[in-house]
Each structure stands twice: as C-alpha cells, then as structure tokens.
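I set out to record what I looked up in this structure, entry by entry.

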Amino acid sequence: MKYFYLLPLLLLTQLATYAQLPNFGFVTHEDMQAKRSLIDSNANAEVQLEYGTARMNFDDNTGSLYIDYEYQAQIKIFNKKGFEHGNIAIYKHIYKDGDMDKLTDVKAVTINYVNNEFVRHELDNSKIFNEKLNKYTSVSKFTLPNLQEGSIVQYSYKLRINYIFNFKTWDFQSDIPKVSSKYVAFIPGLYNYNVVLRGPLKLSSSNGVVANGCMRINGRDINCSKMTYVMDNVPAFIEEDYMTAASNFRAAMYFELSDYMLLDGSKRNVTKTWKDIEYELVKDNRFGSQMKKKDAFKELMPSILKGSTDELGKAKAVYRYISSNIKSNGFIGIYSETVVKKALESHSGNTGDINLALISALTAADLDAEAVVLSTRKNGAINTLFPVLSDFDYVVAKVNIGDKSFLLDASTPMMPFGLLPLHCINGQGRVISLKKPSYWIDLLSSEKDYTRNNMTAKLGDDGKIRGELITYSSGYSGVDKRKAIQKAGSIDEFVEKLDEQKPQYRILAHEIENLDSLDLPLIERYTIEMLGYESMAHPQLFLNPFFMDKIEKNPFNLDERTYPIDLGTAKESRLTMILEVPESFELKDQPRNLNISLANAGGRYLSSTAFEDHKISFSQLLQLSKPIYAPEEYLSLKEFFSRIIQVQKTDILLKKSGK
Amino acid sequence: MRKYCLSLFTILCSLSSLTAQENYAIDQLPATLKSRATAVLRQEETTVDMKSPELVITTVKKAITVLNKNGDVHGALSIYYDKSRSVQRIKGSIYNAFGGLISKISMSNFSDESAVSNGTLYADNRIKSFSPVVQDYPYTIVYEVEIRDKQNLILPTWNPGEYPDMSTLQSKFTFLCQPGTKLRIREYNFKGKPEVIKTEKNDSYSWTAANIPARKAESFSPDPDTYNTAVRIAAEQFSFYGKKGSYSSWEELGKWEYHALIKDRQLLGAEVQNEIRTLVNGITDDRQKTRRLYEYMQKRTRYISVQIGIGGNQPISAAEVHRMAYGDCKGLVNYMQSILNVVNIPSMYCVVTAGNMKKSLDPDFASMDGNHIILCVPLKTDTIWLECTDQNSPFGHLGSFTDDRLVLACTAGGGKLLRTPVLTHEMNQQIRHSTLQISKDGSASGTLTTRFSGDQYDNYGELIQEPYTEQLKKLKEIYNIDNIIFKDFKLSQEKDVQPSMLESLKLEIPNYAAKASTRMYLILNAYNRSNTVPEANTRTLPVYINRGFTDEDEITYELPEEMELEFMPENRTLKTQFGSYDMTVIAKGRQLIYKRKRVLNSGTFPASSYEEFTSFMNKVVDYDRGKAVFKLKGS
C-alpha cells in the first residue's frame, strides 16, 4: 500500500479548490464508520450525499442558451454486492445536428480506511471510456479503483447541455437509498418552467431566493431564482409486478419550459393552453391535415363498405380495411411519418399514419371520427394539469355512433373492434376533434379479458376419460390466443405443440372457429382422451376437478405492496365440467362449494360440485372486476388467491357403491 | 457470478459476383423446404479471399425468403466490427411474393450501435444491423456485403443449416488464398468432397450444401455442433492485431499465446512480492499456500470486464490488476498465476469454452476458440482448478460453468489440452430433510435442512451475497408454496474441493393441507415437484442429458390427533437407463414418513428412446403430486 502514500495530500488540496459543498472532498469518520444504511439496513450501498446545480447560461459566440450542470456524489459501499455502485456511467444526449452534451472535469476517488488512516486512490482519467451507444446517446464509463467493503466513493463532473426546454431533470430516487439529495437550479427570471415532482415521496425542504446577475445576455445582467430542493432519507426505488412505467413512481423533479420573456419585454409561450395545442395539431401537416385526407378514400369507399349501410357496420368495415391494408412499421408516435396517402400505397406506416388514415377513412364514410392522443403504459402517466405535448406518444381513433363511442387502434393486429390494446390502457387520453374543443377521455378496455372452458366427458371402465373440451377466449385472451396460433405457424402446429406440452392429455381431433372473425370469441374444440386411473379396481377414486387454469402459485405472494396493482383490465374465467362416471360409483366427498368476494365488488370466486344421474357437474368462476387495485388491497388479493389455491388442492371422492 | 470474457466473435459472411437476374418468386420454392420453416435461405454464397495475413476480404451474397413473422429474425442482418475489421460495402433489396422489387437497402439504412454488453466497462466492438419491416409475408430479402479483416487468425466459418427453423435451398462457401498457402481445414458432418482448384493465381476450395429442410426444435437434444454441418479453416502463418506467428497444433498455438499475450504481463513489484511471501510464511504445503493466495486474490479484487488490447485477448498486466484491484477473467487469472509464480508454484493459464452446455475444444483442430480463462494448478498429489472471477467460489470448485471439457493450457513449453473435472450425478446432490407438524386446520410448521453439493452447490449461489430480507424474498420464489413464511434462515458454505452449501430454516405454511368437509388433503412432496417434458410424435435427434443429479427428500409429517389416514399413495419405483425414482410412504402412528429419491443420469441416448424418456419424466411428475387423504375421526 506504500504506493499511495503521496496521494492523499495532493488530492485533498485539489478537491478542496473545486469543492463547492461543505463536506465534499472530505470524509468524516462518521461516514467512514457507517456499517449499514440507516434507511434500509439491507442496502448494499448508499448515497451519503448528492449535490447538483444547474444554471442557464448564454453563449456569446453562438448566441444560444445552454445549461451548465455540476454533479457531486459520495457513495458508501457496504459490501461486495455494492461494488457495482463503484461503476459509474454518465449519459450524454446526441442532438440532431450531431452536437452532444459536453462532459468535463470528471474526478473520482476511492477512500479506504486502513490502519487508522484514510487512504485515497484517485481515478486515472485515461481509464474513462467513451462509447457511442446509438444515434441519440453516448456514454462515458469508469470504475473506481481499489474498492473494498466499507470504501467511500466520491465523484463529480460537469456537463454542458445545449437544450434548455427540459432544463435538467433531477432524480431523487435510485436503486440504492440516499441520505441526502440536494438540487439547486438557477432559473433566469425571464424563463418560466412548469416544475413537477413525480412519485409519492415529499421534499424535505425547498426554497427560492433571488440570485442577482446570475446570467449575462448581451452585456446585460439577468436575475435568477435560485431554487433549492432537498430530499432526505430517500429509500431505494424497487419495481414491483403489475406496474406501469417506473418513471410514474420514482421520485424526480421534471422541468418543462412554459414561456419566456424577450429582452424587449415581450412574452413567448412555449407550453401552451389546450386551445393552442389543438390549433397546432389540427393545423399540423403531420396530424390535422392527415385527419382530413377524405379524398384518398373517395373512390375506394364503395368497395370498402361493401354495402354496409348502418353506421356500426360501416365503421367496422372501415376499421378492418385499414388494419389489413396498412401494417405497422414498428414505430409509434402521434404524428404521421409518411403521410396517409403514401402509407396506403406502401401498405406500411407508423401509428400516426395508420390511425390518422383510419380517421380520414371513417370521415369519408360520413362517420363522426375524432383523434385521441395518449401516453402508452411504458411511456408513463400524462400530466393533466397543464398541457405537455411531448408527453403523448400514441394516437388512436374515436368513432361516435349514436350515443356510443368506440376507441380504435388499427395499428395493432388482431384487435376486436372497439378494444384498445393493453399498452394504450393508461389513465386518460385527450380527444382532438376538428369540430369542437378538446377534452379528456378515460382509456379503459371495452371488453373484459374472458376465457371459458367447458368439458363434457365420460370416465370409462378402463380408467380413461374421453370427451370434448371447448374453450372460448375473448378480449385480451382472444388476442393472445390468436397470436399464439400465428406464432406456431399453423393451427395444426399449434395443436401439436399443445398436445405435446400436456402429457396427461391426448388430443384426438380439433377444430378452431372464428380465427379470422376478430370480433367474435375464439372457439377451440378438442376431442380428448386422458388417462384417469391405471386401474379401476380400487374401491375409491380421487378426482381433482380443476382440470384447467389451476393456480399453482399465488401471484401476490409478497408481504407488502407500495404501488397500485395495475392489471389493465377486468378478467373473468369460467370452468365447467360434466363427467359421467361408471354406475358402480357414487360421490362421497367433494371440494367445499366456495363463494367468496373481494371488498367493493373487486372480484368474486365461486366453485360448486353436484352429483346426479351418475354425472358430476362441476363449475368454477373467477372474476377480477377492477383494472387497478390500490396497494392496501394487496393483502386481500393475496388472501383471495390463497383460498382459491386451497380449494383447488381438494378432490372429489368417488366410492364404489356398497363398499 | 461467472462471466464470459473473451470476445472472439465468429465471422459471418462472403464475396461473389452473381451474374444472372434471380427469380425470387415464392412459387419457385419446393414445398419440402417450406414445411416447419419460418424462413428459407434460398441462396448463400460466401467467398473468403485471404490476400495476405493482414488482408482477408469476405463477401457474402444471401437471399432469404421470410415466410412469416417468426422468420423476421432471419431476414435481419447484423455485422460486428472493431478496429481490425471494417464493413466495406452493404447493399440489398427486398422483393414481394411475386418477385417484384419493394425497396432497396444501403449502408445508410443500417443502424450503428455499440455491441458492448451492459456488464462490460469497455470493449471496442460495434454492430451494424438492419431489420426489415415488411408486413406482407412471404417476402425475400437479398444482401450483398463486403467485409475486410486485418487479421487471419480467426477466419470465417461455414455453418449451413445452422437454424432449425430456416431451411436451405443452396449454400456455397469458397476459400481463396495464395498458391501453396499452408492451411488446415476441418469439416464437420459434411458428406461430400470440397472442390479444389489450384491455379497460378490462387488456390481455391469450395463446399456446397443444398436442400436442407427445417426441423422442429427438440427438447433434451445435444449440442447442435454435433450434428450440424460446418467447415473451419486455419492458416499456418498468421497476423493478429500486429502480432505475427505460425501454428498448426494446439501445442504451437498455446505456446504463441503464452509468449505473445501473457509472458510480459506477469511482473509484480518487489513490495507486492514481499507481501505475498509474507502471506505464506510458515506454510509448507503447496496446496495450503495456493489456497491462502487464492483467497487473498478473491478478497482483493473484483470482476470488471475490460476488453482492450489485441482484440480483447491480452490480459491487463498483473501489476495493474494489483494496483486497481479489479480485472476481467484474463487479467485475474494472469494475476493469480503471477502471484503463484512469486512462491514458485507452477500453474497454467487455460482457455475454455464456458457455459452450462459442455463444449470441448476440438482436439483435432487447433484454433482461436473459447470464451473464458481459468487457472490450472498441478500439484504433486492432485490438480487444482481455479475460477478467478468469482469472489465467493470455493477453492478448487469449477461448477457447471466449466466442468468436464477439454481446455487449452498455454505454457512456455507449448500448449496442451487438459480435461476439467467431471461432476457426476452422484456428486451433484441435493439432500433435504424436513419435519412438518400439521395442525387441525391444515397448517404446517416445522424445520428443514438441505445440503447442496457438486453442481447443485451453485443452486443458491445467487443468494449467498444477498441481504437477509432479499434472501427471504428469493426463497419464496424457490419454494413457491402459497403463503409460505420463513424464519431463521441460515446459509453456510463448506468451502472445500468438494464444497457443499448448507441451508437450514424454520417454516410455516398456513393451510398447507387443504380441507373439504370432513377430509383433509396433503400433497406429500412439499418442496421438490418436477415439471413435465413435452412429448413428441416424431423424434430425430438423440436424447441428451447434459448433467445428471441426485435429489433426496425426506419429510416427516406429524398429524393432528383428530384425523385418521384414509388413503395414501402407493410406493413407486422406476428404473430406466435415464435414471431412477423411488418413493415410499410409511405410516407410523401419527407420523407419515415420505421419502423420495430421484436420480437423473447424464449421457446420450438414441432418438428412439425419447418416448421412454418422456414417459419416465412425466410419470415422475404424476407421482410427485401424490396426495394423502385424512378423515376426521368418527365421521
């Protein structure tokens, strides 16, 4: 270790000169001695202190504005698992003109406590690696030398960001706890930002003071608001199942430029009112103009409608025409990328192309159609307080027929008419109409996710069960089943696979209905045979009637839940079985007939068994009626499923009569 | 925590000037090639022209008909490149089902991204890729690509029929070199003869394959390399990132690797050497010394992937690893070897193809193969193998990542192939004992201990470093029983050459035994139920079991006084060439003792035995779900 003896002194002076935060560059004995995080004793590492500043500046040479951002952090590594937090990556945005955020002044040091002494190991800057990830992002990566259990890591850097619209987002929460996270934003008085704190956590403190002359433009001093936001004792962010975008819940400060003042005192709006946005969208050549391309469909219309006269029939015909004639090129977005006419010719386009074409075509068929812009589940929640156009990443059509309206997405294959794909079921969307002011609409799945399995069979004297199984799937289950059949290549290959995966069944014959009639439930009919019993000589037989959809694992097995449980849609699944048994047997015992419900009509489970005329009639119903459950409902969901699992473990007992 | 860490990417691609205008209409394809296929490789011509060791020009022309959405992946093209490889030319066209041109593709349609995986700090690999977006199937995509390599140590290979879901109409591979160039050529599962033409200008070798149908993917099948056709070529005289050499055997290659890549990277400073000597002061046994120093290395360092220097094949110097306290597999193995050198314990830097599937280096064909480095320490009494990227790995334990395969030891005297230790089904054990009290309401509570050894030692590898609450969360997934609650979980390691991991815990399972009116149902195999294996109407490939194991479970149930036994599953015994299964249930007063022993043998068995195999495996699934039924006394 002698090698490093000279370093500490050097480093101290160096850090001291640029450190702006008391503490930074120095380590207290208290920080060094911390054995575990007080916020979460299980954390592998912890941010002991994090400090960022961002200020807007004016570049006299280019005449443009930019953000100067400085970041400093001190991380305590508790154990080997925490070593990964000694690997640092700093992401830089690459702009359309090839310009990129500029990273400078990277400094990093590992501080260990050896033989009652602080020993420092500084990062060798030749070990910082730059990598262009893709067109939009570049990353600078480095790792801290000499990490040990108990090391403290400090690093800092400066970043020049040539894009002021979103100022600089600050993440209070990350995958390890933070003792203190502090952000200071110097915002010139001329600039007005909408500032939003996302997530359920609250700031520990925030204040704003005037900072005189924080920026100079053309030799003139401009005053700023110096905003200080602090969050202390921030727990690590942990993603849970059944959750929409993590960015909806992770504590972070977001900025969006709303308006600014020019030096002459005139005001320019950037973020607008809904009225401005409507106007902008309707006027936009990539949006409103594409909604109006009625002419493109004029000649085609008679052949599309094929004689449909009622409005619903017409709407369905147009929807099917567009979804089968323009296929998604995989890109989403609210704008038309290639214009409707070209998309129609090339049979390919993005979401904007396809659904704006759908709106034009619906209008050409004299139907009342509007556009709905929305944010997909992955993209996160929409800010409904003030309009932020860049929040939206998807557009669908809304067609109004009589007093009903239907939401349509022609860019996702295999959707029934009126059912939005799950990725669109995310809070509210904004309806943009050519005729009236815009308004919010709830994005709900119009059909529940539904499956039904009916089995009619007979237990033979040879111990084999033979009969017919019919499965109905609609809503998202129908979509998923159709996708699975498509993926298998053909119906025969799908059934072959099914047969092979269920060794207890043999499928003797099959028939699949409504594969292409997307608005109808998908029906699978199978003639099956299964080995029930190797021998029927036993005086008693146990039979488990839960032949399908058996829940082996509780989907809600954790002890607590922080965020809402978002299933996206209501679900229902039904099971019925009529099984004829040999006359010599009679029913002696059966699973308890269960009828349980979740609070507030949240769901229901029923199971019942009856025996008559040598036939067992069994039925089961499982309903989850709400698309979203509150975190407080988690434990009742867990208990609900637990009771289902218990009843599914019990059997029907058949006994030979007279024994 | 084991990591692959060499980036020897095999080269895709070829050159050709096709003359006549092709007809890409779908009706030109024979039906046999469409069956089970998601795509058809209609034509592939790869020409590798080794102008000199420093210039290898590869041209590829490929025409692929994509039959449905699942085949899109075969219509996509990805080309890796780095400092020693450049993509000279890419062009292509897309045709519809009738052979009509839809669109043309050029270099600008390709995305250019870093090919560095998330876990890697640095590597200079990049990838150019293109994925066609065509919604009307089938369509045909035609590519022409030219790639230049500034090295010839790793040459393109030919792998027709590589993807089971893509059939091949025609594939041709041509290798050109200067007249008289010394080559070694290895053909795998190739039935024909190559066409060899030697002229004044060059030597030419070419191979063709035609009409390879698509196949169904089959479970428990062997390494595809054992049945797929392939041709690999190695040049005797080579140039690699500015280093020259020649080899025609593993012995020569291993020697070159040692001298060119490793030898000069092993010097440790005098201070460090003293520290190392002090560490083993007083220890006389070499094995104990090695162990002491291995643990020292584990404690001091961590794994960081940094692929720089000679195509990512040269280790960071031992002195730097010491200074930074991190390294990748090469760096850490080289560091460990350098440490052992200080105390005069000889060891060998070994190149291995790591992964769960056992893959040996080909003894008949020396080439730059492998993706990982381990250290072999031959001692007087036995040989110790060291995995250096895992800070928790027991001394001498390789596990399923590198077991039972041929590896190349690179030494000053020359390379040699060595076999890593085998883990047999007798060694790969999971032995579990549990006692569960069942209460009147069906709830279970009790204790459990498990000993894991052999490759099953690693079953809980993920858990060992986790904080306690995280361990409990993961246990819930491992045991996967509704409502289960764990207490007093302890995991301890017995680190030895035959290491074992010991688990002990207390548990409660509310309502484990389900009740219906007067009866109670108890699934006897609480913890270790097996899963089904798909059946198959036709089976073409041999049945392959990569690694065997032995699981033993013994659960003693204490039953409530109020209940009496009404029914219990029969004892079961299965004995097959694939393994065995023994299950017994003994009722003894209020106790019910469930015992299960399941053995799976490793090995290769004929395709015709697949039905017997699935029958064995699925019977086990059935028996594993056996229930005992109890009745309320007096009912």
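My entries below concern the contact between two chains and one helix in each.

Entry 1, conventions. I worked with a predicted model, in which local features need pLDDT of at least 70, side-chain atom pairs count only at pLDDT 80 or more, and totals for chains, interfaces and linings use all residues. Residues are numbered from 1 along each chain as its sequence is written, while chains are lettered from A and ligands numbered from 1 in the order in which they are written.

Entry 2, the contact. I counted two residues as in contact if their C-beta atoms, placed from the backbone, lie within 7 Å. The contact draws 43 residues from chain A and 44 residues from chain B. On the side of chain B that touches chain A, H8(B) gives the most, with four residues; helices and strands are DSSP runs (H or I, at least four residues; E, at least two), numbered from the N terminus.

Entry 3, H7(A). I checked the length of helix H7 (residues 311-325) of chain A: its 15 residues should span 21 Å at 1.5 Å a residue (times one less than the number of residues), and its end C-alpha atoms are 21 Å apart, which agrees. Its buried residues (20 or more other C-beta atoms within 10 Å of their own, C-beta atoms being placed from the backbone) include Lys314(A), Val318(A) and Tyr321(A). Among the elements covering them are helix H9 (351-364) and strand S19 (394-401) of chain A.

Entry 4, H7(B). I found 12 of the 14 residues of H7(B) buried, so this helix is largely enclosed by the rest of the structure. Asn344(B), which follows H7(B), has a positive phi, near 60°.
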